[in-house]
Amino acid sequence: MTPRDVVLRELGRSAPVLPVVLVIALLALPVPESGGEASGGGGTGTVADAASALLVGLCAVHLARTRRRPLSRTAAVLLGLPVVGVTVAACGAASAATGVAGAARYLQIFVLVPAAVLVLIRDARHFRLIAWAFVALALWQGTIGVHQNLTGTGASYMGEDIRAVGTFGSTDVMGMATVVSYGIVCALALAFRPHAPRQRCAAAVCAALLTVPLALSFSRGAWIATAAACLGVLLLAGARRAGRVLLAGGAAAVVLVAGLGVGSAMLQQRLSSITQVTGTPDQSVTDRYTMWAASADMWRERPVTGVGLKGFPDHRDSHASLALSSGSDTAGAGSGFVRQPLLSPHNMYLLVLGEQGLLGLVTLAGGWVALLVCGLRRWKRRCARPDGPGGPELDCALLACGLLIWQLVDFVYADIGGPSTVLTAVAFGVAAWWAVGSRARPQERSQAAAGPRGLPGEAGAR
């Protein structure tokens, strides 16, 4: 078989998930300065957003042609739950246009794209292809971010243009941090792939390299979420493995911080500011806690349904204290000085609680938690062994649970908005495949039972 035939065969086998890979790849392109989006909707769409719409359309065509049930009952319930809260909140929006725009964005990110990704992934090979696409995108954005820090062409931070933001620009400083964090979690999970020593080694190297741009992003929320997700991945991989990796990681961190020189002082200052709730916190911390309090006050005003989709900006000033500033300053990374309005509380749970009430929070966040529980249960059934975690799909379990842990923690410090949001939708779809994807058919289970260790269902989700 010629190399050309091998390439064509692999492309044919990977064809179902190539649209997903395309969505991820398009996030490597520079995005126009648009000021992001507020409160989960609106904003200027990107090429990746258009590709995600194409992804959903292709999935619909595929289902129409194959005439198979797209989702298991559990998947349909968990991915369909947000529709209830979003629809009710859209009806309570300030205008019909606002409600439709906000509902479209929520349904795109939390329902349609995740469901399409879940349906298109057929097996662990497809799953790993998407995971490597996450890592490749993170390496690309991280390389640009490190270059920005070294050459002083990044976003403005403490009077210097050194903040790594990749191609996302100064108006979306969380974009590169999110992409790189996903890449670290995926690479760390892939480093535990059974029977693939070369890929394990490559993944471990990628995870280590990506810690540098993550540090230079100066994103406190991404640091905390990544630390929690990596710890979760290591614990699920086994206590002894976790101990060895943590020791190696601690030693590497000492070397990296020492090698950063002057930058280490800025990193230490940024880390210490996380706990400065009282005393003399920086203005960004003050603004964040003030907006959190405003969101909670909106919820107390309308506890069941909230103030309506995209209603936070309209109700912010009547609920916020005088400590809230008029906006945040952004500059650098190829753009001039811009005063960004504070249009969201930078906490997804409080944003949903304020705009959609308890109904929205239970249907949206409840579904995320249920996905994590289902993912952990499947890890226990398929990967837990008396002699420690293992099995041919261990890396898939670690990756799915790690991404969910990262997202659930990061949503304490961030909400949806900006070009990188579509990657969040893909991450939820990837995690949902492991957690609630359709299981093998009876004949496939009987065939898989004759495989290594006689484990039923190792043929993967279909």
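Which helix does Gly 367 lie in? I looked, and Gly 367 lies in helix H14.

**Entry 1: ground rules.** I am working on a predicted model, where local features need pLDDT of at least 70, side-chain atom pairs count only at pLDDT 80 or more, and totals for chains, interfaces and linings use all residues. Residues are numbered from 1 along each chain as its sequence is written, and side-chain values use heavy atoms, with hydrogens and water left out.

**Entry 2: the whole chain.** I counted 17 helices and four strands in the protein chain. These are DSSP runs numbered from the N terminus (helices are H or I, at least four residues; strands are E, at least two). The protein chain has 462 residues, and 52% of them are buried. Buried means under 20% relative accessible area, exposed over 50%, and partly exposed in between (1.4 Å probe, protein chains only). I then took the contacts with a separation of 6 or more: 77% of them join residues 24 or more positions apart. Contact means heavy atoms within 4.5 Å. The exposed area is about 19,700 Å², and carbon and sulfur atoms supply 66% of it. Accessible areas come from the Shrake-Rupley method with a 1.4 Å probe; for residues, only the protein chains shown count as cover.

**Entry 3: Gly 367.** I went back to Gly 367 in H14. Gly 367 counts as buried because its relative accessibility is 3%. Pro 82 is 285 residues away from Gly 367 in sequence, yet 7.8 Å away in space, C-alpha to C-alpha. I left aside neighbours within four places in sequence and found Gly 367 in contact with Leu 78 and Val 362.

**Entry 4: H14 on H16.** H14 spans 348-382. I found H14 and H16 packed at an angle of about 50°, with axes 8 Å apart. That makes H14 oblique to H16. Axes are lines fitted to C-alpha atoms, for helices over the stretch in contact, and angles run from 0 to 180 degrees between N-to-C directions. Angles under 35 degrees count as roughly parallel, over 145 as roughly antiparallel, 65 to 115 as roughly perpendicular, and the rest as oblique. The crossing of H14 with H16 is left-handed. A crossing is left-handed if the near helix is turned anticlockwise from the far one by less than a right angle, and right-handed if clockwise. On the H14 side I noted residues including Trp 368, Leu 371 and Trp 379; those in H16 include Phe 428, Trp 433 and Trp 434. The contact of H14 with H16 has ten nonpolar, one polar and two charged residues. Ala, Val, Leu, Ile, Met, Phe, Trp, Tyr, Cys and Pro count as nonpolar, Asp, Glu, Lys and Arg as charged, and the others, Gly among them, as polar.

**Entry 5: H15 on H16.** How far apart are the axes of H15 and H16? I read 9 Å, with an angle of about 135° between H15 (residues 394-410) and H16 (residues 421-436). H15 and H16 are therefore oblique to each other. Their crossing is left-handed. Among the H15 residues that meet H16 are Leu 399, Leu 403 and Gln 407; the H16 residues include Thr 424 and Phe 428. By class I have twelve nonpolar, two polar and no charged residues in the contact of H15 with H16.

**Entry 6: the H15-H16 loop.** Ile 416 sits in the loop between H15 and H16. Is Ile 416 buried or exposed? Ile 416 counts as buried, because its relative accessibility is 2%. I paired Ile 416 with Ile 109: 307 residues apart in sequence, 8.7 Å apart in space, C-alpha to C-alpha.

**Entry 7: H5 on H16.** I checked H5 (residues 96-120) next, and H5 packs with H16 at an angle of about 45°, axes 7 Å apart. H5 and H16 are therefore oblique to each other. The crossing of H5 and H16 is right-handed. Ile 109 is one of the H5 residues in this contact, and Phe 428 is one of those in H16. The classes are 14 nonpolar, three polar and one charged.

**Entry 8: Arg 128.** Arg 128 lies in helix H6 (residues 124-151). Arg 128 counts as buried, because its relative accessibility is 10%. Beyond four places in sequence, Arg 128 touches Leu 190, Arg 193, Pro 392, Glu 393, Asp 395 and Cys 396.

**Entry 9: positive phi.** Lys 310 is not a glycine, yet has a positive phi of about 60°. His 346, also not a glycine, has a positive phi of about 55°.
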